[in-house]
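I opened the notebook with the coordinates loaded and noted what I looked up, entry by entry.

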Amino acid sequence: MSAALLPGGLPFPADAPSCRKLVPDLAAMVEARDRIGEVRHIGGADVSSLRFDPTRTVHAALVTLGWPSLAPLGRAGAVRRGGLPYIPGLLGFREVPALAEAWVALEPKPGLVLVDGHGMAHPKRFGIASLLGLVLDVPTIGVGKSLLVGEVEGVLANEAGARAKLLHKGELIGMALRSRRGANPVYVSVGHRVSLESAVAWVERCLRGRRLPEPTRLAHEAASAVRLSAATSLG
C-alpha cells in the first residue's frame with residue numbers, strides 16, 4: 001500500500017516539529033464554505049489507539065451509509081504502526097495515514113464524511129477532520145465528543161436540538177449541539193469544503209435518537225472491531 005500524501009504530493013512528516021511547521025500552510029487550504037455536490041452516500045471515520053502504546057499502533061475504520069436511508073453499505077479498516085507518538089494538537093498527523101489507507105479499500109466511496117474528532121474547533125483551526133478532508137479531497141465534518149478548545153457561549157438548553165456557539169479568542173470555531181435530551185453535547189465544526197451551518201444541519205439529519213450521529217457511531221464500532229481483530233491475530 002502506497003503511503004498517504006499531503007496536498008501537493010508531500011509525504012507525511014516523521015517528527016512533531018516538521019508537522020507544526022506545515023500546519024499554517026495546510027490550515028490556509030481549508031475551505032469553510034459549501035462545496036459538497038450531490039450526496040448519495042455518507043461516511044463516518046474513527047480510529048482506536050492507546051495513548052501510551054510503545055508500538056504507536058493506530059486502528060482506523062471508515063464506513064459508508066446510504067443517504068438518506070443511513071443503511072450501512074460498506075466498511076474498511078487499516079492498521080498502521082510506528083507513526084508519530086500521541087501528541088495533543090497533532091493527532092491528525094498520527095491518525096490520518098491509517099484512515100487514508102482504509103479509504104482506498106472502502107466501497108462505495110461517500111460524498112461527505114463525518115469524522116469522530118475536531119476540524120476547525122482546534123487551537124490551530126486544523127484538527128483531524130480538516131486534515132483528512134484535504135488528504136482525501138472530500139467534504140468533511142468534525143464531530144467531537146469532548147471540548148478541545150474554546151468555550152460554549154451562554155447556557156446550552158437540555159432539549160434535543162439545542163445549540164450554542166463555540167468560541168475561542170472571540171472567534172466562532174464550532175457549535176455545541178445537544179443531540180439527545182439529557183446527553184452531553186457533541187461539538188460540530190468545519191472539516192473541509194463545508195460551512196458550519198451545513199455541518200450542523202448534516203449532523204442533525206444523521207441522528208437516530210442517540211448521542212452520536214449514525215456515521216461516526218458506526219465508524220467507532222468498526223474501529224473497535226479492527227482493533228479486536230488485530231489483537232486476535234497477534235494471539
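I began with helix H5, residues 214-233, where Glu214 and Arg217 lie three residues apart and are therefore separated by about one helical turn. The model is a predicted one, and in it the side chains of Glu214 and Arg217 form a salt bridge whose closest N and O atoms are 2.8 Å apart. I then looked up whether each partner is buried or exposed: Glu214 has a relative accessibility of 9% and counts as buried, and Arg217, at 17%, counts as buried too.

Next I turned to the salt bridges that share partners, and I noted that they join Glu31, Arg33 and Arg35 into one network. Within this group I looked up the pair of Arg33 and Glu31, whose side chains meet at 3.6 Å, N to O. Glu31 has a relative accessible area of 18%, and because buried means under 20%, Glu31 is classed as buried. For the model as a whole I wrote down a count of eleven salt bridges.

A further entry concerns Arg125 and Glu171, whose side chains meet in a salt bridge at 3.2 Å, N to O. Which parts of the chain does this pair link? I found Arg125 in the loop between S6 and helix H3 (128-136) and Glu171 in strand S10, so that the pair, 46 residues apart, links distant parts of the chain. Arg125 is buried, with a relative accessible area of 15%, whereas Glu171, at 36% relative accessibility, counts as partly exposed.

I then followed the strands and recorded an open sheet of nine, with mixed pairing, in the order S5-S4-S3-S6-S7-S11-S10-S9-S8. Which strands form the edges? They are strand S5 (72-80) and strand S8 (151-152), each of which pairs on one side only. At the S8 edge I found two bridges to strand S9 (residues 163-168), the two strands running antiparallel, and I noted that Glu151 stands opposite Leu167 in S9.

My last entry is on helix H4 (residues 196-205), which packs on the sheet. I listed the strands that helix H4 touches as strand S3 (41-48), strand S6 (112-116), strand S7 (140-144), S9, strand S10 (171-177) and strand S11 (186-192). For the direction of helix H4 relative to that of S11, I wrote down an angle of about 125°.

Conventions: Residues are numbered from 1 along each chain as its sequence is written. This is a predicted model: local features need pLDDT of at least 70, side-chain atom pairs count only at pLDDT 80 or more; totals for chains, interfaces and linings use all residues. Side-chain values use heavy atoms; hydrogens and water are left out. Two strands pair if DSSP finds at least two bridges between them. Helices (H or I, at least four residues) and strands (E, at least two) are DSSP runs, numbered from the N terminus. Contact means heavy atoms within 4.5 Å. Axes are lines fitted to C-alpha atoms, for helices over the stretch in contact, and angles run from 0 to 180 degrees between N-to-C directions. A salt bridge is a side-chain nitrogen of Lys or Arg within 4 Å of a carboxyl oxygen of Asp or Glu. Buried means under 20% relative accessible area, exposed over 50%, partly exposed in between (1.4 Å probe, protein chains only).
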